[in-house]
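New notebook page. I want to look up a few strands and then the ligand site, one entry at a time.

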Amino acid sequence: MVERPFRYGGGELCCEGVALADIAERYGTPTYIYSAGAIRSAYAALDAAFAALPHRVCYSVKANPNLAVCSLLAGLGAGADVTSGGELARALRAGFQPSSIVLAGVGKSREEMQQALAAGIGLFSVESEGELRLLSEVAQTMRLRAPVALRVNPDVDPRTHPYITTGLARNKFGVPLSDARYLYDLAGQLPGISISGVGMHIGSQIEDLIPMIEATRSLAALARDLLGAGHPLRYLDIGGGFAIPYGEEMPDPPVRLAREIEPLVRSLGLTLLTEPGRSLVGGAGALLLRVLYRKRNGARKFIIADGGMNALLRPSLYGARHKLLPVREGAGETEADVVGPVCESADFLSRDVPVPDVQPDELLAVLDAGAYGFAMSSEYNGRPRPAEVLIDRGVARLVRRRQTYDEMMALELGL
Ligand code: LLP
């Protein structure tokens, strides 16, 4: 179990011994705060879960693309899972070994393929016949061969939120299992392709790992069939999706999956790849906000904070529930909606549950916001994206400063 990084000390909420109130004082709000210690222990736990197998943990950069977070994970020996040219550029700058980078995504452009081939990445996760043919063509003109794993869609329900379910037949992701054999035979014929693995990613925040175990069994059966047909596989990529507890739930630990699939993967002689995002960084981060006002509209009470859906979109988009803590210990609880300053009724951080009874000017921390928090934030309503601070061994470092208004307008032309 990874220890909770945000705890009270001396009557106030701290991260690795640093008082969040001091961070707010120095860097303002809204600000994301990440604990390097928590990221290290999450990585160590996941790496240990799969230790019995040849494996690589490829951090899914989309969860938290901050360069300092990426380079921390690269330094621990993680590979990277990237989903665009922008994430690839970032992963390279952060110091991930090119050969440990997997490029995934249903919509890779020709330019992204060229960029990834030039960088010498380790694996392309290919999601359609059209993409396979284009990748071969692009690689051939560069006199290269692209190392490929087809992403198969095993049609398994990961029983998570519909927006983050990716392994059902109706989702846009992957190729049907029934087409896989034909596509591998085709890939074997294409001059710019070097077959290297099989892959999947069935969804995110998967609390019960049984669907993932089932899907891995289907993937392994396919791999066995392909090996039998003479296709030279090296990798079995089972994707990401390990869940973290946002409330009182107790998601299955990855070691449960590891134990179940170990004999299977070992008998195939393949290297296991995982692509975790949330489970490495989610619990390590919090969003620090300041309360601006309290108000009552009829029977409804509101606490208005200085960041909302612009800073953390998950409650609005998925109905996600993040725990809120007052920075001042012992603030008590009240019935109110915690909302942001954005001009939309979808702009809320918490609804219909008791929340900390914080007064204007007090600070509030939104927990478990290290994954898909800053990454999905926006400048909507003309608000700068939050600052980001990484705390390592009790020392706070600003790893992304708040944008200025000039910077927010700098790319616009024609005035
Ligand atoms: N690999 C692939 C191909 C993916 O598409 C994803 C996430 C991952 C790995 C990492 O999954 P994780 O270990 O983080 O569950 N914005 C949503 C989550 C979207 C996940 C998208 N794909 C949220 O805030 O819940």
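Which residue stands opposite Lys301 in strand 15? I looked it up, and Arg296 stands there. A reminder to myself before I go on: this is a predicted model.

**Entry: strands 14 and 15**

I took the two strands together. Strand 14 covers residues 285–297 and strand 15 covers residues 300–305. They run antiparallel, and I noted six bridges joining them. The two strands make a hairpin with two residues between them. In that hairpin I checked Gly298, and found that Gly298 takes a positive phi near 65°.

**Entry: strand 15 and strand 18**

Next I asked myself how many bridges join strand 15 to strand 18. I found three, and here the strands run parallel. Strand 18 is made of residues 337–339. For one facing pair, I wrote down Phe302, which stands opposite Asp337 in strand 18. So that I don't forget the background: strands of a sheet pair through backbone hydrogen bonds, and this can be parallel or antiparallel.

**Entry: the sheet of strands 1, 2 and 3**

Then I went to the start of the numbering. Three strands form an open sheet here, in the order 1-2-3, with antiparallel pairing. Why is one side of strand 1 and of strand 3 left without a neighbour in the sheet? Strand 1 (6–9) and strand 3 (18–19) stand at the edges and each has a single partner strand, so one side of each stays free of a neighbour. I also looked at strand 2, residues 12–15, which pairs with strand 3 over two bridges in the antiparallel sense. Cys15 has Val18 in strand 3 as its bridge partner.

**Entry: around the ligand**

Now the ligand. Where does it sit? I found it in the second largest pocket. There are 18 residues around the ligand, and Ser204, Glu275, Arg314, Tyr318 and Tyr372 come nearest. Sorting the shell by class, I got five nonpolar, seven polar and six charged residues.

**Entry: polar contacts of the ligand**

I listed three distances. A nitrogen atom of the ligand is 2.6 Å from an N or O atom in the Glu275 side chain. One of the ligand's oxygen atoms is 3.5 Å from an N or O atom in the side chain of Lys62. At Gly277 the partner is a polar backbone atom, 2.9 Å from an oxygen atom of the ligand. How much of the ligand's accessible area does the protein cover? On its own the ligand has 580 Å², and the protein covers 91% of that.

Key:
Residues numbered from 1 in each chain as written. Predicted model: local features only at pLDDT ≥ 70, side-chain atom pairs only at ≥ 80, totals over all residues. Heavy atoms only, no water. Pairing = 2+ DSSP bridges. Helix = DSSP H or I, 4+ residues; strand = E, 2+ residues; numbered from the N terminus. Near = heavy atom within 4 Å. Polar contact = N/O pair within 3.5 Å; in protein donor to acceptor, adjacent residues only side chain to side chain. Areas by Shrake-Rupley, 256 points an atom, 1.4 Å probe, with all protein chains shown as cover. 1 Å grid on protein atoms, 1.4 Å probe; cavity = no way out; pocket = protein on both sides within 12 Å on 5 of 7 lines; lining within 4 Å. Sits in = over half its atoms within 2 Å of the grid points. Nonpolar A, V, L, I, M, F, W, Y, C, P; charged D, E, K, R; others polar.
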